[in-house]
Amino acid sequence: MSDSHTPQTTNIHEFTVSELSGALKRTVEDQFGHVRVRAEISGLKRAASGHVYLALKDDKAVLDGIMWRGTAQKLSFRPEDGLEVICTGKLTTYPGRSKYQIVIEAMEPAGVGALMALLEERKRKLTAEGLFAPERKKALPYLPRVIGVVTSPTGAVIRDILHRLRDRFPTHVLLWPVLVQGETAASQIAAAIRGFNTLEEDGEIRRPDLLIVARGGGSLEDLWAFNEEEVVRAASESRIPLISAVGHETDTTLIDYVSDRRAPTPTAAAEMAVPVRSELLAYVDDLDRRKRRGLSRSVQEKRDRLQGLARGLRDPRSLIAEKTQHLDHLENRLRQSVQNMVSMKQQRFLSTGALLRPDVLIRGFVQYQERLANYEGRLSRAVTIKTERLSHQLDASYRLLESLSFKNVLSRGYSIVQDEDGKVISTVKQAKAGKLVTVRMKDGDAPAVFGAGSLKTSKVSAPKKTKTGADNPKNKPTQGTLL
């Protein structure tokens, strides 16, 4: 009886991992060579190579997917997370990760309703940001010198615009060629709008005065590039006034809401951009005729009014003759007045000169000299009296000051004790032992030191005097003791 744990030999073929992965890959590709899947996009990523990686999911499962760059560029709309789509492709496996995936060969929205829902959601978002506000819209220039057009260079749109501009008002046009459908169309359109705005006004390529973003008609998927957020934001940032002319009259895209003016067709955009040259010339001619008629009528009215005013005026020659006669009369009066004034002044001068005789001047000088001497005597007496009075007052004040002086008190045997700062010590509390003080007496000051209950003095220095003898400052001071 054999042990249950003993391995039994079998005839099952042994695969390598690579052989097994290859077999699984061939089986999946043979069984699901071409499938259509309806699902919601999730985790969409665009690689630098242009390939698109995403996941397709429903409420129960997730399927990885990949879209090569060539296929992604042909899409008529821009796939986004949350968008429900129908993908056509083939299933395969990726042995390096042991997972299966779908290689997407075609993708389309799962009905117009999905795109419309995405469009409405984006419209609400941009409206909340204020990108569609009427106050943001700029006025179009009346007669632009340069018009920039963003559209396909091979379609009928650019030919219709150029033809209409040529018929109405020939204008210089700059074309920025872009794709108007496909995966990269939105980025090209946004780059073209921003590129026109970066041009210099006086550069080699002059910046346009007006932009037209145009495309022919098509389905919602065909026009989807003009609903992309980057296109709408580029149009809102444009400093150049912008006309949107996308699709037919019934077609509406988000760029129509943000543009400064919406045209129902590209031809209508050209009509909005410039006036009709012939009508403009006729209007200018009409204004010129009206101006000439107005000037002629105004000149004639002024001439008639001047003639009417001239009839009410007198003859200028008679007016001049009358004023000349009046001037001659005034001249005669002035001459006579001057002569009378000179005669009057001459008589007054003679009468005044007669009074200026030498004896009159001498008599007046003697009178003023006597008056001056009188005033001098009176002033001298007044000064003497005032001086004596002030001298008596000064003597009285000096005697009073001497009677009140503290030196008289010192002469009666009293003294004044002062500290080092010159302050008077008047109480026993201020007399501290060992404190250096100055004792002022009748004949001078003496330094002293407070002891225990007594005051010890040193030499007494007498005040300096100018007299000789006992009061001479050169004599030596006497030694004294104060109790």
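This talk walks through two sheets, some salt bridges and a few single residues of one predicted model.

Before the details, a word on the ground rules: the model is predicted, so local features need pLDDT of at least 70 and side-chain atom pairs count only at pLDDT 80 or more, while totals for chains, interfaces and linings use all residues. Residues are numbered from 1 along each chain as its sequence is written, and side-chain values use heavy atoms, with hydrogens and water left out.

Let me begin with the barrel. It is closed, it has 5 strands in the order β1-β2-β3-β5-β4, and its pairing is mixed. Neighbouring strands of this sheet are turned against each other by 50° on average, with direction ignored. When I speak of strands and helices, I mean DSSP runs numbered from the N terminus, E with at least two residues for strands and H or I with at least four for helices, and two strands pair if DSSP finds at least two bridges between them. As background, strands of a sheet pair through backbone hydrogen bonds, either parallel or antiparallel.

Within that barrel, I would point you to strand β3, residues 62-67, and strand β5, residues 99-109, which run parallel and are joined by 3 bridges. One of the places to look is Asp 64, whose bridge partner in β5 is Gln 101. Asp 64 also forms a salt bridge with Lys 99, where the closest N and O atoms are 3.3 Å apart; by salt bridge I mean a side-chain nitrogen of Lys or Arg within 4 Å of a carboxyl oxygen of Asp or Glu. Because Lys 99 lies in strand β5 and Asp 64 in strand β3, this pair ties together parts that are 35 residues apart in sequence. How covered are the two partners? Lys 99 is partly exposed at a relative accessible area of 35%, and Asp 64 counts as partly exposed at 26%. Here buried means under 20% relative accessible area, exposed means over 50%, and partly exposed is in between, with a 1.4 Å probe and protein chains only.

Now to the second sheet, which is open and has 5 strands in the order β7-β6-β8-β9-β10, with parallel pairing. Its edge strands are β7 (172-177) and β10 (261-262), each of which pairs on one side only.

Strand β8, residues 210-215, deserves a closer look. Strand β6, residues 146-151, pairs with β8 in the parallel sense over 4 bridges, and there Val 150 has Val 213 as its bridge partner. Strand β9, residues 242-246, also pairs with β8 in the parallel sense, over 5 bridges, and Ala 214 is matched with Ala 245. Is β8 mostly covered or mostly open? It is mostly covered, since 6 of its 6 residues are buried. Leu 210, Ile 212 and Ala 214 are buried on one side, and Leu 211, Val 213 and Arg 215 on the other. Helix α8, residues 266-273, lies across β6, β8, β9 and β10 and runs at about 170° to β8, where angles run from 0 to 180 degrees between N-to-C directions and axes are lines fitted to C-alpha atoms, for helices over the stretch in contact.

Returning to charged pairs, the structure holds 21 salt bridges. One of them joins Arg 122 and Glu 228, with the closest N and O atoms 3.5 Å apart. This pair links distant parts of the chain, with Arg 122 in helix α3 (residues 112-128) and Glu 228 in the loop between β8 and α6 (229-237), 106 residues apart. Arg 122 counts as buried at 7% relative accessibility, and Glu 228 is buried at 3%.

Another salt bridge is formed by the side chains of Arg 233 and Glu 129, at 2.9 Å from N to O. Arg 233 sits in helix α6 and Glu 129 in the loop between α3 and β6, 104 residues apart. Arg 233 is partly exposed at 23% relative accessibility, as is Glu 129 at 40%. Both belong to a network of salt bridges that links Lys 125, Glu 129, Glu 229 and Arg 233.

I will finish with Gln 418, which is found in strand β11, residues 416-418. Gln 418 is buried, with a relative accessible area of 18%. Leaving aside neighbours within four places in sequence, Gln 418 is in contact with Lys 423, Val 424, Ile 425, Val 437 and Thr 438, contact meaning heavy atoms within 4.5 Å.
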